[in-house]
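Me: I should like to learn how to read side-chain contacts in a structure. May we go through one together?

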Amino acid sequence: MTLFRLDASILPATSASRSLADLVEEEWSAAHPDSAITRRDLAADPVPATAWQDSVLGRFAPEPDRTDAQRDAIALATAFADQLVDADALLFAVPLYNFGVSQHFKTWFDLAYTDPRIDPTGTALQGKPATLVTVLGGNYSPGSPKEGWDHSTPWLRRVLQDVWGLDLRVVQRPFTLVGVNPALDQFTDLAATLKTEAESGARQSGRELAELRGKPSAA
């Protein structure tokens, strides 16, 4: 049994997304105490910005004509795909940054997506259980002044659920900047409620991941 966990927060010591992902992981580990957890921290070990281009161009070139950079990028993409394909369940902790998806995650996804097993024609991840934990500094829900400004969560759903075909759960916590940004102090009570709900959702998601991979497969 293996859980793959990816973190994209640039502030690990105070990360709200990591804290929620920890709850998911705790439930998984409680159900599968002897399972392995494979980790990738995109802030501590960011993907080189040129790797995606090198991998794409390298795959168009005959192997003897590939540059060292292209071979390295293809090998890294293969390693990323191996982690996803080999895991029994997946956990992604990806914050909203500047109204869009984390650049660390986007760079990682683009490179991984060049592997034939999980590229536009690949099906290796179809149906694999996964949880996306995402946090928002503000609140962009329907009816809010900045409704529609969250350009990260819809994209993440699209690539994880619709492109890769994951059996996806989403745990979202808005208003993480309440208590940090004085302009949001009026939302203190609401933020506390949303935090509690997100933590409950994270634990429930962790139990679901564990349950889905705790059942013996049909022969």
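Me: Is Arg 18 buried or exposed?
Reply: Arg 18 has a relative accessible area of 11% and is therefore buried (buried means under 20% relative accessible area, exposed over 50%, partly exposed in between, with a 1.4 Å probe and protein chains only). Please note that this is a predicted model, in which local features need pLDDT of at least 70 and side-chain atom pairs count only at pLDDT 80 or more, while totals for chains, interfaces and linings use all residues. Residues are numbered from 1 along each chain as its sequence is written, and side-chain values use heavy atoms, with hydrogens and water left out.

Me: Which residue meets Arg 18 in a salt bridge?
Reply: A salt bridge is a side-chain nitrogen of Lys or Arg within 4 Å of a carboxyl oxygen of Asp or Glu. Here the partner of Arg 18 is Asp 41, at 3.0 Å from N to O. Asp 41 lies in strand 2 (residues 36–41) and Arg 18 in helix 1, so the bridge ties together parts 23 residues apart in sequence (helices, H or I with at least four residues, and strands, E with at least two, are DSSP runs numbered from the N terminus). Asp 41 is partly exposed, at 24% relative accessibility.

Me: How many salt bridges are found in the whole structure, and which residues are linked in a network?
Reply: The search finds 18 salt bridges. Arg 5, Asp 7, Asp 22, Glu 25 and Arg 39 are linked in a network. Within it, Arg 5 and Glu 25 meet at 2.7 Å, N to O; Arg 5 belongs to strand 1 (residues 2–7) and Glu 25 to helix 1 (residues 16–31), 20 residues apart. Arg 5 is buried at 4%, and Glu 25 is buried at 12%.

Me: How should aromatic pairs be read, and how many does the structure hold?
Reply: A pair of aromatic rings is described by the distance of the centres and the angle of the planes. Rings of Phe, Tyr and Trp (its six-membered ring) pair if their centres lie within 6.5 Å; planes under 30 degrees apart count as stacked, over 60 as edge-to-face and the rest as tilted. The structure holds 13 aromatic pairs. In one of them, Phe 99 and Tyr 140 have ring centres 6.1 Å apart and planes at 85°, so the pair is edge-to-face. Phe 99 is partly exposed at 31%, whereas Tyr 140 is buried at 15%.
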